[in-house]
Amino acid sequence: MNGDGLMDVVVSRVHRENSAIRKHTEWYPNLGGTFGAPIELANRDYLAIRPVDIDGGGDTDVVLSKSTSYGGGSLLWMENVPG
Ligand SMILES: [Ca+2]
Ligand SMILES: [Ca+2]
């Protein structure tokens with residue numbers, strides 16, 4: 001995702017912190033043998049994560065999607081911008 005040639009990881013998860021439910025979608029940059037600290041992309045959980053150059057700009061963006069049991073859903077496109 002950051003164009004350094006090392007495949008990064010995007011994780012979407014739900015966990016309990018004390019009595020609160022926390023939702024995160026995070027990017028873990030590959031440092032070459034280990035992963036760096038997570039960078040939060042969204043404070044929601046998503047079921048599908050798709051890396052794709054959706055705008056044709058030559059860098060990898062992320063498309064996140066989620067549906068709900070009551071017929072709703074969400075689609076989020078995160079554009080990869082320099083820096
Ligand atoms: Ca990378
Ligand atoms: Ca792009």
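**Exercise 1.** In this predicted model, find which residue of β2 is the bridge partner of S12, and then work out how the strands around this pair are arranged in their sheet.

*Solution.* Begin with the residue itself: S12 has T25, a residue of β2, as its bridge partner. Next, widen the view to the strands, where β1 and β2, the latter covering residues 20–28, run antiparallel and are joined by 9 bridges. Then place this pair in its sheet, which is open, has 3 strands in the order β1-β2-β3, and is paired in antiparallel fashion. β1 (9–17) and β3 (39–42) each have a single partner strand and stand at the edges, so one side of each is left without a neighbour in the sheet. Finally, from one strand to the next, the twist of this sheet averages 45°.

**Exercise 2.** Find which residue of β5 is the bridge partner of P51, and then establish which strands form the edges of the sheet that is ordered β4-β5-β6.

*Solution.* Start again from a single residue: the bridge partner of P51 is V62, which lies in β5. At the level of strands, β4 is joined by 5 bridges to β5, which spans residues 61–67, and the two run antiparallel. The sheet to which they belong is open and consists of 3 strands, with antiparallel pairing and the order β4-β5-β6. Its edge strands are β4 (48–52) and β6 (73–78), each of which pairs on one side only. As a last step, note that the twist in this sheet averages 15° from one strand to the next.

Note on methods
Residues numbered from 1 in each chain as written. Chains lettered and ligands numbered in written order. Predicted model: local features only at pLDDT ≥ 70, side-chain atom pairs only at ≥ 80, totals over all residues. Pairing = 2+ DSSP bridges. Helix = DSSP H or I, 4+ residues; strand = E, 2+ residues; numbered from the N terminus. Axes fitted to C-alpha atoms, helices over the stretch in contact; angles between N-to-C directions.
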